[in-house]
Amino acid sequence: MSENTVHLDLGSGPTGLDVYQSTVGQPGFDIRKLRATTGYVTFDPGFGNTASAHSSITYIDGAAGVLLHRGYRIEDLAQQCSFLEISYLLLYGSLPTAAELATWTDQIGSQTLLNEEMRSFFDAFPRRSHPMAVLASATNAISTFYDVYRRPMRADEIDAGARTLIAKLPTVASWAYKKSIGEPYVYPDAKLGYVENFLHMMFATPVEETTIDPVVVKALNVLLILHADHEMNCSTSTVRGVGSSRANMFTSVAAGMGALWGPLHGGANQAVIEMLQAIHDDPDATIESTIARAKDKNDEFRLMGFGHRVYSNYDPRARVLASFAEDVLARMGQDDPLLEIARELEAAALSDDYFVDHKLFPNVDYYSGIIFRALGFPLRMFTVLFAIGRLPGWIAHWMEMNLDPETRIMRPRQLYIGEPERPFPALDDR
Ligand code: CMC
């Protein structure tokens, strides 16, 4: 028997399945011909056991709680890099040299302006629109100003599309916010860095100067980096799936934003704060009753910001954020009662048999919202902030998928459990 083959016996003799090794982590075997050779399909709802592609962007060791981007530890990247540096790393595979970073920063900085016609697009939304809905719609709409529909896209067009999206998303995000609070849109300022510019567009008004606090800039830079990529998560798989039909990068990313918005994914950062606020405000909601509800299988409630498909250990991003939250609050001279509640809830969960047995730990969304609040962001913008952070990851995966000769249009099979063929009844006979 070959070392590079596993054998599956479905009753009529063994079928050989080629084994693929990973650089690090689990190997996989190739089932692409399984249905054709055996008549069987595999059953894997949520694709928890399915590798959908070869990828060299991000590696997670879920049992050890390790996250690497292009081989570098997230803790090192978060401490020592700028968000644009990480974006370059994710897209192009290596850290930029000083000269490459300067060019990349200039290229992004020079494209932050939206086409003026986009103003009327934002105007058309109802005032109370959730910024995530506006963000996804506007991301799709940006593509209408560019000739990105042509297939196959040339490499330089793909690079230009990536720069356009990274440059313009903070503008789109801040305009979505300004729309939701009825304030005038603020134009980007090319003199400012990526994070500073976003804060300027978020918080400046025509009547009031904004001073951009370096503590806020540094903290937001770290937060964006911690969200930058997470291999085949729901939104990234959506981006890849949509892109696999040869849809353009903008549309694929907009679809990913839709996936991110859900409370089981990026929407959890908003849901965590709502949960902590409810414990704070409701005299009947205690740490104990919240834990009890999360364990109750008859209750849909889950402990938001806890659990992960891949990590059976503490999420390394959450580990960074847990101490960072304290640090940021101290530097901002703030005291947030929700942080205290979050700490108590975490301690109660981590010493509870249910959470221990299920290997449920805090994930990235558990502490991020407390820091976003401290930095002055409103709750409805939290998932938008996640989206700005995740954008380079989505694009890197779209690019990798686009270049991969093994990419096929995403089209899973099913196990049909509906009616077998039956006679069609006329309307009067039903
Ligand atoms: N609270 C209570 N029980 C939980 C939780 C939780 N947060 N998460 C998982 N479980 C239980 C679940 O009930 C199931 O129990 P049992 O085996 O007894 O039926 C078991 O753990 C496995 O859960 P699952 O739903 O099959 O796991 P999954 O891998 O499909 O889901 C998850 C992962 C993140 C959706 C889930 O843990 C969850 O709903 N967490 C809360 C929402 C959240 O924080 N999402 C953010 C995810 S991380 C960042 C991101 O992607 O945006």
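Here is a short tour of the ligand site and the enclosed space in this predicted model.

Before you click, note that numbering runs from 1 along each chain as its sequence is written. Local features need pLDDT of at least 70, side-chain atom pairs count only at pLDDT 80 or more, totals for chains, interfaces and linings use all residues, and side-chain values use heavy atoms, with hydrogens and water left out.

**Stop one: the ligand.** Select the ligand and its surroundings, taking residues with a heavy atom within 4 Å of it. You should pick up 22 residues, the closest being Arg-302, Leu-303, Gly-305, Arg-309 and His-358. Colour that shell by class and you get eleven nonpolar, seven polar and four charged residues; Ala, Val, Leu, Ile, Met, Phe, Trp, Tyr, Cys and Pro count as nonpolar, Asp, Glu, Lys and Arg as charged, and the others, Gly among them, as polar.

**Stop two: Leu-264 to Gly-266.** Now pick out the backbone of Leu-264, where a polar atom sits 2.9 Å from a ligand nitrogen. Next is His-265, with a polar side-chain atom 2.8 Å from a ligand oxygen. At Gly-266, a polar backbone atom is 3.2 Å from an oxygen of the ligand. On its own the ligand has 930 Å² of accessible area (Shrake-Rupley method, 1.4 Å probe), and the protein covers 74% of that.

**Stop three: the cavity.** Which residues line the largest cavity? Select Leu-114, Asn-115, Met-118, Ile-142, Phe-145, Tyr-146 and Lys-168. A cavity here is a set of points on a 1 Å grid over the protein atoms alone where a 1.4 Å probe fits but cannot get out, and lining residues have an atom within 4 Å of a point. The largest cavity holds about 30 Å³, as the space filled by probe spheres set on the points. Its lining divides into five nonpolar residues, one polar and one charged.

Methods. 1 Å grid on protein atoms, 1.4 Å probe; cavity = no way out; pocket = protein on both sides within 12 Å on 5 of 7 lines; lining within 4 Å. Polar contact = N/O pair within 3.5 Å; in protein donor to acceptor, adjacent residues only side chain to side chain.
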